[in-house]
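Student: I've got a model open and I'd like to go through it with you. Can we take it slowly, with the reasoning spelled out?

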Amino acid sequence: MKIMILGGDGFCGWPTSLHLSANGHDILIVDNLSRRCIDIELEVESLTPIRPIGERLRAWKAVSGKEIDFVNMDLALQYSRLVSLLQEFQPDAIVHFAEQRAAPYSMRSPRAKRYTVDNNVRGTHNLLCALVDAGVDAAVVHLGTMGVYGYGWSGSAPIPEGYLAVKVPTPDGELVREILHPANPGSVYHMTKTLDQLLFAFYAKNDGARITDLHQGIVWGTQTVQTSLDDRLVNRFDYDGDYGTVLNRFLMQAAIGHPLTVHGTGGQTRAFIHIRDTVRCIEIAVNNPPAAGERVSVFNQTTEVYKVRDLAQLVSKLTGAAVVMLPNPRQEAAENDLVVRNDRFLALGLNPTTLTEGLLEEVRLIASKYPDRVDPSKIVARSVWRKGMPVSPDLQVVPLGP
Ligand code: NAD
Ligand code: USQ
């Protein structure tokens with residue numbers, strides 16, 4: 001298949017591009033490298049020394065013999081170029097990762113809020129509009145988020161895959177209808193994903209666009225089979241307070257002797273997936289698109305559910321790291337239940353990678369390889385959801401020994 005990977009230089013996009021290339025697909029990465037620019041803005045770098053995109057692609061050719069093409073283009077701003085590119089490349093499928101994806105970054109300033117909305121909503125709409133404009137019938141696979149459902153809205157009721165059956169009262173009794181699950185975003189970033197859902201629903205209905213929306217949980221881990229083949233292919237590892245996600249942060253913190261930073265009580269329950277399952281799920285989704293005229297196909301792309309404090313305890317037990325409860329910089333439920341259906345991927349053959357001590361240790365070892373690349377002043381999360389919320393000071397790093 002000819003597959004365009006929008007956002008293919010990022011944390012999920014890079015390993016997905018390599019996985020699909022290794023499996024024989026013809027890959028074109030489109031990315032404006034904005035994530036690398038945000039590293040410069042935040043004065044922090046990936047914990048792993050990621051290489052420039054050109055070097056990454058040359059290394060992949062040397063290691064695998066396969067070519068991946070790259071176009072540096074802004075999906076949100078370069079509409080005409082996008083139409084031409086679709087007409088030239090004629091993709092069978094498009095995987096859309098190209099959005100600003102950090103909730104704390106999206107809340108850090110008015111500028112970041114506006115950038116996140118402009119970038120994400122315009123990018124997604126440009127893609128859909130350009131497909132129709134170019135007359136290209138490619139299947140679109142979009143990376144959405146579990147956060148569109150919100151947390152705690154339905155107590156312990158399982159979260160369905162995208163659509164909720166509701167009873168509608170009528171003069172003659174009642175009708176049962178399936179509606180898009182109510183959206184309940186917890187940040188400006190998550191809000192853009194709920195807006196994306198409406199864009200998808202409209203273009204599927206109006207233009208017969210074939211769209212799959214993957215409501216992905218928090219991704220942990222860093223390496224896949226392909227990114228481990230050569231140091232130059234290493235995947236990014238975000239550890240800072242804006243972009244680092246919780247479990248990878250805990251593993252990095254343990255590796256350098258920083259206390260594990262639990263926000264609030266740690267009673268927040270979240271859904272997780274390992275990066276190796278991310279790339280497999282995307283391949284399954286690419287191979288199983290909906291037909292033209294069908295509604296948007298939604299999968300919950302997640303394999304396990306944990307409370308934040310239980311993850312901290314697990315990492316602490318494994319490593320001896322201290323756990324510290326910090327004032328929560330976010331506005332979110334202190335405690336919530338979360339039960340998630342993921343039957344669709346399981347039915348299509350996903351064999352979930354579960355959070356075993358071996359895999360945790362593997363990530364901790366990657367983190368401990370680069371202690372000199374950590375800036376301890378970037379670890380504590382400082383983007384607050386509302387002005388005046390307390391900001392925690394830096395914490396002391398005490399290396400734990402071998
Ligand atoms: P990332 O920031 O590492 O990668 C996103 C890539 O898209 C970057 O390389 C960036 O340069 C590019 N990009 C952004 N805006 C662009 C634009 N306008 N034009 C062209 N390129 C653009 O993020 P990630 O962690 O790889 O996440 C990828 C997708 O998966 C995101 O949409 C995110 O919302 C979703 N997701 C991620 C996670 C996670 O835990 N990382 C979990 C659930 C969903
Ligand atoms: N948390 C801590 N300590 C930390 C970091 C986070 O307690 O040091 C807590 C947060 O307060 C939150 C939870 O851990 O309650 C998850 O935070 P996170 O940063 O790991 O994840 P989140 O902000 O939800 O965002 C990440 C990705 C995003 C994706 C989302 C999937 O950055 O792109 O959409 O996970 S989901 O959470 O399922 O919506």
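Student: Which residues is glycine 208 in contact with, leaving aside its neighbours within four places in sequence?

Tutor: Glycine 208 is in contact with Tyr203, Ala292 and Gly293, once neighbours within four places are left aside. Bear in mind that this is a predicted model. Glycine 208 sits in the loop between helix 7 and strand 8 (211-216). Along the sequence, glycine 208 and alanine 292 are 84 residues apart, yet in space their C-alpha atoms are 4.6 Å apart.

Student: Why is glycine 208 called buried?

Tutor: Its relative accessible area is 19%. Buried means under 20%, so glycine 208 counts as buried.

Student: And what makes asparagine 235 buried?

Tutor: Asparagine 235 has 0% relative accessibility. The cut-off is under 20%, so asparagine 235 counts as buried too. Its place is in the loop between strand 9 (218-220) and helix 8 (246-256). Not counting residues up to four places away, asparagine 235 touches a list of residues that includes Gly10, Phe11, Trp14, Arg56, Gln223 and Ile275.

Student: How do you know that glutamine 301 is buried?

Tutor: Relative accessibility for glutamine 301 is 0%. Set that against the limit of under 20%, and the conclusion is buried. Glutamine 301 belongs to strand 12 (residues 297-301).

Student: What makes the pairing of glutamine 301 with glutamine 216 a polar contact?

Tutor: The two side chains come to 2.8 Å. A polar contact needs N or O atoms within 3.5 Å, with one able to donate a hydrogen and the other to accept it, so this pair qualifies. Beyond four places in sequence, the contacts of glutamine 301 also include Leu143, His215, Ile273, Cys281 and Phe345.

Student: Why does isoleucine 159 count as buried?

Tutor: Isoleucine 159 has a relative accessible area of 6%, and buried means under 20%, so the label fits. You'll find isoleucine 159 in the loop between strand 5 and strand 6 (163-170). Among its contacts beyond four places in sequence are Met146, Tyr149, Asn300, Leu338 and Arg341. Isoleucine 159 and tyrosine 149 are 10 residues apart in sequence, with 7.8 Å from C-alpha to C-alpha.

Student: On to the ligands. Which residues are the closest to ligand 1?

Tutor: Ligand 1 is surrounded by 28 residues, the closest being Cys12, Asp31, Asn119, Tyr189 and Lys193.

Student: What makes lysine 193 a polar partner of ligand 1?

Tutor: One of its polar side-chain atoms lies 2.8 Å from an oxygen atom of ligand 1. The limit is within 3.5 Å for N or O atoms, so it counts as a polar contact. Backbone atoms join in as well: phenylalanine 11 puts an N or O atom 2.9 Å from an oxygen atom of ligand 1, and for a polar backbone atom of arginine 35 the distance is 3.0 Å. On its own ligand 1 exposes 830 Å², and the protein buries 97% of that. Helix 2 (34-42), strand 5 (139-145), helix 7 and strand 9 each give two or more residues to its shell. By class, that shell has 12 nonpolar, 8 polar and 8 charged residues.

Student: How do you know that tyrosine 189 makes a polar contact with ligand 2?

Tutor: An N or O atom in the side chain of tyrosine 189 is 2.7 Å from an oxygen atom of ligand 2. That falls within 3.5 Å, so the pair passes. Ligand 2 also has an oxygen atom 2.7 Å from a backbone N or O atom of valine 246, and one 2.8 Å from a polar backbone atom of arginine 101. Alone, ligand 2 exposes 740 Å², of which the protein buries 96%.

Student: Which element gives the most to the shell around ligand 2?

Tutor: Strand 10 does, with 3 residues. The shell has 23 residues, and by class these are 8 nonpolar, 10 polar and 5 charged.

Student: Last one: which residues have the most contacts inside the largest nonpolar core?

Tutor: Met4, Val30, Leu86, Ile94 and Leu131, in a core of 37 residues. Helix 4 (79-89) and helix 6 (110-134) are among the elements giving two or more residues to this core. A second, separate core has 34 residues, including Leu47, Leu311, Val363 and Ile379.

Conventions
Residues are numbered from 1 along each chain as its sequence is written. Chains are lettered from A and ligands numbered from 1 in the order in which they are written. This is a predicted model: local features need pLDDT of at least 70, side-chain atom pairs count only at pLDDT 80 or more; totals for chains, interfaces and linings use all residues. Side-chain values use heavy atoms; hydrogens and water are left out. Helices (H or I, at least four residues) and strands (E, at least two) are DSSP runs, numbered from the N terminus. Buried means under 20% relative accessible area, exposed over 50%, partly exposed in between (1.4 Å probe, protein chains only). Contact means heavy atoms within 4.5 Å. A residue is near a molecule or strand if one of its heavy atoms lies within 4 Å of it. Accessible areas come from the Shrake-Rupley method with a 1.4 Å probe; for residues, only the protein chains shown count as cover. Ala, Val, Leu, Ile, Met, Phe, Trp, Tyr, Cys and Pro count as nonpolar, Asp, Glu, Lys and Arg as charged, and the others, Gly among them, as polar. A nonpolar core is a set of buried Ala, Val, Leu, Ile, Met, Phe, Trp, Tyr and Cys residues joined through side-chain atoms within 4.5 Å.
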